[in-house]
Amino acid sequence: MRLNKILLSFISALVILFSTSIASFAKVVGDKIILGAAISLTGKYSSNGVHTQNGYNMAVDRINSMGGVKVGGKTYKFDIIYYDDESNPKRAAQLAERLISQDGVEFMLGPYSSGLTKAIAPVTEKYGVPMVEANGASRSLFTKGYKYLFAVLAPANLYLDVAIDLAVEKNNGKGVTVAMAFEQDAFSQDVRLGVLDAIKRTGSKKVIDDKLPKELNDMAATLVKVKQMKPDVLVVSGHTKGALTAIRQISEMKVDVPMLAMTHCDAAKLSKQHGKNSQYALCASQWHKTLTYKDDFFKDGMTYDADFTKEFGYAPPYQAAESSAALLVFKDAFERANSFDQKKVRDALAATNMQTFYGNIKFAEGGQNVDKPMVLFQVMCDDAGKCENKVVAPTKWASAKLIHPIPSWSER
Amino acid sequence: MISVQACLDGILLGILFALIAYGMALQWGVMNIINIAQGDLVILGGYIAYFMYLYGIHPAWGVIVAPVIMYFVGIVIYKLVINKVVDRDLFISILATFGISILFMQLMNFAFGADVVLANSDYGTTMLFNNNVVLPNSKIFSAFISILFAICLVIYMKKSKLGRAIRATAQNARAAKILGVDTEKVYAATFGINAALCGVAGALISITFTIHPYMGLPYTIRSFMIVIVAGLGNLPGVAMSGMGLGVFEEFADYILGTEFRIGSVFLLLVLILVYRRFKLSRKREYLK
């Protein structure tokens, strides 16, 4: 009996302790601004989820150590509550709900991938919680009329249209023939729409338009068609699997094409996994360390690259860089709003116009960043077989000259 | 030339799938278990070859190392889970292997990370017909190894004591037991052999395609289909339907477009099943 009583009081004490600790998590407490994020720490997006988290953490540490955020004459520090969404959209939506209604978070950071951002956005919108996201590029995120969603990255339809422009430029302004192979998922199909727009705009012609199934990693049939049609440009987008499969089969089947443009090369560690076979591939990227954008916190891309490598032991992929940029945007918006009122912060976010090491940031009506073009880099290898990614377009940022057309396999 | 190319691509792909399907047919026939985790065993075999490649060993050796390791993995899975569901309803075994599949996916993701990886064999390419038909040597190699393993297994099944015991158990488990066959041992060995075959296929897939912890299910589905089309215990049938499906897929891809590739294969499956039923029903009428 006595034991029961002791147990009961112990449990109730725990409950009280627990409930107060939850309450103390809420929004802005003391000198802390608490942000919430559901991130894929396990499941199929876990590698990129970890890049995202590292990017967020790096920026939080940097901003906090450099004076924090000044609102209403007081200095605040950032803190983030993370939950693992297991790469599962349903789970992500639940966690967003939990962050907002149980933990009392009033400002959110985005998850990794377009799919998960799509799952979370309706929740943050419902509660009027401003969310700055760095890893959801799908065009459909920005056409739904969301008021509280802001993306620091360029939308998916801009990924590869630079490549078509480049090919047309190399063809003396005349239209080119384009072969397309895109995976059947929201992101890749958005990239495809962008390429179709570019084809129309430049008077080019599409000769192959294949949709790759999500499951099978074989595109031999598409490549047979490419060999037969001999297009000027081959564009491929299918996440890391698509990039790796394309390079493997193009090199094995000796497919000669003057220009090969892809997405997800750096996430796929293309030059590491395929070495010289990946040479000359053009890759769309949100960011590259050699770009000359600057800010006060990370200085520039090269410094960010060095600092990140020092802290986490690997070079930052663009997923990490854009995640860091999201925190810079939040800091800037808080200081301009000079308040923690969600509406005011939202309006300040909408009026953002700044430069970060990651690029210029200015949001359009739909929440997408319209001030930062995509860059294209080309994989270039030296004779020893060491490969590096060098920016070749747009010309303003180019650190190397585009090699065009790609030498045929018999000459390599 | 295009059709020769598509044909050869399909055959080489089909042979690889047929190897996985053969393992599935074997344990389905012997133990009456549909193994949903088949594809995950394949991927695990792929990771074995990949890690050999990472440590500087040529991944082709994976076709010897992976089956040995996978055989024991198979035995362990059998001892832990499968022996408890082997005499039960088919539905229970599907649930159990589905659970194993999820467990394997998560464990592989945890242990190896979620990156898509591959092992480079540097085998080069074979050009035929005045360079009009190109065949990656890695694909030829994997087809060759698959055939080799299949032939060895058939001989083993015919000649060895264990092979005969397995076949006897498949025909009638109770009779085999009465006649002194240790069916428990036979079941364990069957599951181990199936896992070993998956290991070989996985090593080959890491050389020819890519591997990822969550990529197992398509291989399960594909082998399931091949077995359905071929029927149980019909090895030449498995080989033929594997290659047939491979060729059909490549042609469907080439003629209709990639987006119809999987769809057309499933359409074919439905047609075959309907045709089978039709044939069966005619037989039944005849018996009346």
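In which helix of chain B does B:Phe72 lie? Let me start there, with the reminder that what we are looking at is a predicted model. B:Phe72 belongs to helix H3 of chain B, and at 52% relative accessibility this residue counts as exposed, because the cut-off for that word is over 50%. B:Phe72 also takes part in a nonpolar patch on the surface, together with B:Ile57, B:Trp61, B:Ile64, B:Val65, B:Val68 and B:Ile69, and the accessible area of these residues together comes to about 660 Å².

Helix H3 of chain B, which spans residues 62–85, also holds B:Lys79, and that residue brings us to a second patch, this time one of positive charge. B:Lys79 is partly exposed, with a relative accessible area of 48%, and on the surface it gathers with B:Lys158, B:Lys159, B:Lys161, B:Arg164, B:Arg167 and B:Lys185. Two elements of chain B, helix H5 (137–159) and helix H6 (161–171), each give two or more residues to this positive patch, and of the contributors it is H6(B) that gives the most, with three residues.

Two loop residues of chain B deserve a word before we leave that chain. B:Asp89 sits in the loop between H3 and helix H4 (90–112) of chain B, where it counts as partly exposed at 49% relative accessibility. If we look back along the chain to B:Ile77, twelve residues away, the C-alpha atoms of B:Asp89 and B:Ile77 are separated by 18 Å. The other residue is B:Asn32, found in the loop between helix H1 (2–31) and helix H2 (38–54) of chain B; its phi is near 55 degrees, a positive value in a residue other than glycine, and with 41% relative accessibility B:Asn32 counts as partly exposed.

Now to chain A, and to one strand in particular. How many of the seven residues of strand E17 (residues 375–381) of chain A are buried? The answer is seven of the seven, so the strand is largely enclosed by the rest of the structure. In a regular strand the side chains alternate between the two faces of the sheet. For E17(A), A:Val375, A:Phe377, A:Val379 and A:Cys381 point one way, while A:Leu376, A:Gln378 and A:Met380 point the other way, and all of them are buried.

The pairing of E17(A) can be followed strand by strand. With strand E12 (residues 282–285) of chain A, E17(A) pairs in the antiparallel sense over four bridges, and A:Val375 in E17(A) has A:Ser285 standing opposite. With strand E18 (residues 387–393) of chain A, E17(A) again pairs in the antiparallel sense, over six bridges, and here A:Asn389 in E18(A) is the bridge partner of A:Val379. E17(A) and E18(A) form a hairpin with five residues between them, and in the turn A:Gly385 has a positive phi of about 90 degrees.

Beyond that hairpin, in the segment after E18 of chain A, we find A:Pro394 and also A:Pro405, and both are worth inspecting for the peptide bonds that precede them. The bond joining A:Ala393 and A:Pro394 is cis, with omega about -5 degrees, and the bond from A:His404 to A:Pro405 is likewise cis, with omega near -10 degrees.

Let me turn to the helices of chain A. Helix H5 (residues 161–170) of chain A is mostly covered, with seven of its ten residues buried; among these are A:Asp161, A:Val162, A:Ile164 and A:Leu166. After H5(A) comes A:Asn172, whose phi is positive, near 55 degrees.

Helix H7 (residues 220–229) of chain A also has seven of its ten residues buried, so this helix is largely enclosed by the rest of the structure. The buried residues of H7(A) include A:Thr222, A:Leu223 and A:Val224, and A:Lys225 is one of them as well. Just after H7(A), A:Lys230 takes a positive phi of about 50 degrees.

The last stop is A:His239, which has its place in helix H8 (residues 239–252) of chain A. Is this residue buried or partly exposed? With a relative accessible area of 25%, A:His239 is partly exposed, and its phi, near 55 degrees, is a positive value in a residue other than glycine.

Methods
Residues are numbered from 1 along each chain as its sequence is written. Chains are lettered from A and ligands numbered from 1 in the order in which they are written. This is a predicted model: local features need pLDDT of at least 70, side-chain atom pairs count only at pLDDT 80 or more; totals for chains, interfaces and linings use all residues. Side-chain values use heavy atoms; hydrogens and water are left out. Patches are made of residues with over 30% relative accessible area and no salt bridge: like charges are joined within 9 Å, nonpolar side chains (Val, Leu, Ile, Met, Phe, Trp, Tyr) within 5 Å. Accessible areas come from the Shrake-Rupley method with a 1.4 Å probe; for residues, only the protein chains shown count as cover. A salt bridge is a side-chain nitrogen of Lys or Arg within 4 Å of a carboxyl oxygen of Asp or Glu. Lys and Arg count as positive and Asp and Glu as negative; His and the chain ends are not counted. The place of a charge is taken as NZ of Lys, CZ of Arg, CG of Asp or CD of Glu. Buried means under 20% relative accessible area, exposed over 50%, partly exposed in between (1.4 Å probe, protein chains only). Two strands pair if DSSP finds at least two bridges between them.
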